[in-house]
Amino acid sequence: SATLYIVPTPIGNLDDISPRALETLKSVNWIAAEDTRHTHKLLQHFTISTRTMSLHEHNEDKRTAMLCQRLKEGESVALVSDAGTPLISDPGFVLVRRCREEGINVIALPGPCAAITALSASGLPTDRFMFEGFLPPKTGPRSHVLETLKERTFTTVYYEAPRRVLDTINDVKKTLGNERHIVLAKELTKTFETYVVGSAESVAEWLEADPVRQKGEFVLMISGVEDVPRELPPEALALLSSLKPVLP
Ligand code: SAM
């Protein structure tokens, strides 16, 4: 059977598409796209005339069956989303899982991903991190999710929508306090790319200072809680007090 290629596309700057991605998009039989109109603009820009079909949340099951059939018949397929890496808070999981189940060859091209781009420049620890996609839109459930970060010692990465970003930062302050390091990465790879670094309070103040700052695309990163025990274990405390008389 032929190959399903996972092809990342730019998250802003069109120059971020790789030569290999362009070559793949040109040479496959089909491009399965989250939004074909959106993808046509990209294809037009790079003068690629490969046929497209839609694959999104609402037709992924049906399209998956059809695409697997075509792959088995020897037709190759490239999967793209509107921006960045497919399957990362984007459609494609159902298709890739099915291809694996059916022994169809799947190859992913490396490329743009907002979460990884933001994390690598954040200055927050990258040795361990958790990507959690989008937070719930309502403050109740969102605070509930944020509570789970209370004891977390590693970095958390979220995608956030412009109309919610300020409320979310305020929920971060409410649930986790003002001690965590917050990094808000905005408009990555675009003209007004910005990193806002500070406490939840200072990041909220930055957003509030000018409503224009709340427009655009955001990656929100939250540092882990400091990994030092707040209290010494009892044995250490006992040892310290026994040493007290002999210490200067
Ligand atoms: N699959 C994509 C990827 O690999 O990054 C993510 C798709 S998700 C539906 C879209 C979200 O990604 C946006 O709401 C925003 O949180 C984030 N995002 C995408 N492009 C971005 C950019 N240029 N700057 C900051 N965040 C971005």
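User: How does the radius of gyration of the chain sit against that of a compact globule of 248 residues?
Analyst: Bear in mind that this is a predicted model. A compact globule of 248 residues would come out near 18 Å. The C-alpha atoms here fill a box of roughly 85 × 45 × 35 Å along the principal axes. For the radius of gyration, the chain has 23 Å.

User: What share of the contacts with a separation of 6 or more comes from residues 24 or more positions apart?
Analyst: The chain has nine helices and ten strands, and buried residues make up 31% of its 248 residues. As for the contacts with a separation of 6 or more, the part that joins residues 24 or more positions apart is 74%.

User: What is the strand order in the open sheet of five strands?
Analyst: Start from the edges: strand E3 (51–54) and strand E5 (105–108) each pair on one side only. The pairing in this sheet is parallel, and the twist averages 25° from one strand to the next. Reading across, the order is E3-E2-E4-E1-E5.

User: Which residue of E4 stands opposite Ile31?
Analyst: Strand E2 (residues 30–33) runs parallel to strand E4 (residues 77–80), and four bridges join them. Ala32 of this pairing stands opposite Leu79 in E4. Ile31, for its part, faces Ala78.

User: And on the E1 side, what is the bridge partner of Ile6 in E4?
Analyst: Strand E1 (residues 3–6) also runs parallel to E4, with three bridges between them. The partner of Ile6 in E4 is Leu79.

User: Which residues of E4 point the other way from Val77 and Leu79?
Analyst: In a regular strand the side chains alternate between the two faces of the sheet. E4 has Val77 and Leu79 pointing one way, and all four of the residues concerned are buried. The two that point the other way are Ala78 and Val80.

User: What is the handedness of the β-α-β unit made by E6, H6 and E7?
Analyst: Strand E6 (residues 129–134) and E7 pair in the parallel sense over four bridges. Within that pairing, Phe131 has Val157 of E7 as its bridge partner. Helix H6 (residues 139–147) joins E6 and E7 in the unit, and it is right-handed.

User: Do E7 and E10 pair in the parallel or the antiparallel sense?
Analyst: Strands of a sheet pair through backbone hydrogen bonds, either parallel or antiparallel. Five bridges link E7 and E10, and Glu160 stands opposite Phe218 in E10. The sense of this pairing is antiparallel.

User: Which element gives the largest share of the largest nonpolar core?
Analyst: This core has 31 residues, and Ala118, Ile169, Ile182, Val219 and Met221 touch the most other members. The elements giving two or more residues to this core include helix H5 (114–122), strand E7 (155–160), helix H7 (165–176) and strand E10 (218–222). With five residues, the largest share comes from E10.

User: Leaving aside neighbours within four places in sequence, which residues is Met221 in contact with?
Analyst: Met221 is one of the core members that touch the most others. With those sequence neighbours set aside, its contacts are Ala118, Leu119, Ser122, Leu124, Thr155, Thr156, Val157 and Val183.

User: How many residues are in the other core?
Analyst: This core lies apart from the largest one. Among its members are Val7, Ala21, Leu71 and Leu95, and its count is 22 residues.

Notes
Residues are numbered from 1 along each chain as its sequence is written. This is a predicted model: local features need pLDDT of at least 70, side-chain atom pairs count only at pLDDT 80 or more; totals for chains, interfaces and linings use all residues. A nonpolar core is a set of buried Ala, Val, Leu, Ile, Met, Phe, Trp, Tyr and Cys residues joined through C-beta atoms within 7 Å. A residue is buried if 20 or more other C-beta atoms lie within 10 Å of its own, exposed if 12 or fewer, and partly exposed in between; C-beta atoms are placed from the backbone. Two residues are in contact if their C-beta atoms, placed from the backbone, lie within 7 Å. Two strands pair if DSSP finds at least two bridges between them. Axes are lines fitted to C-alpha atoms, for helices over the stretch in contact, and angles run from 0 to 180 degrees between N-to-C directions. A crossover is right-handed if, with the strands pointing away from the viewer, the path from the first strand over the helix to the second runs clockwise. The radius of gyration is taken over C-alpha atoms; the globule rule is 2.2 Å times the number of residues to the power 0.38.
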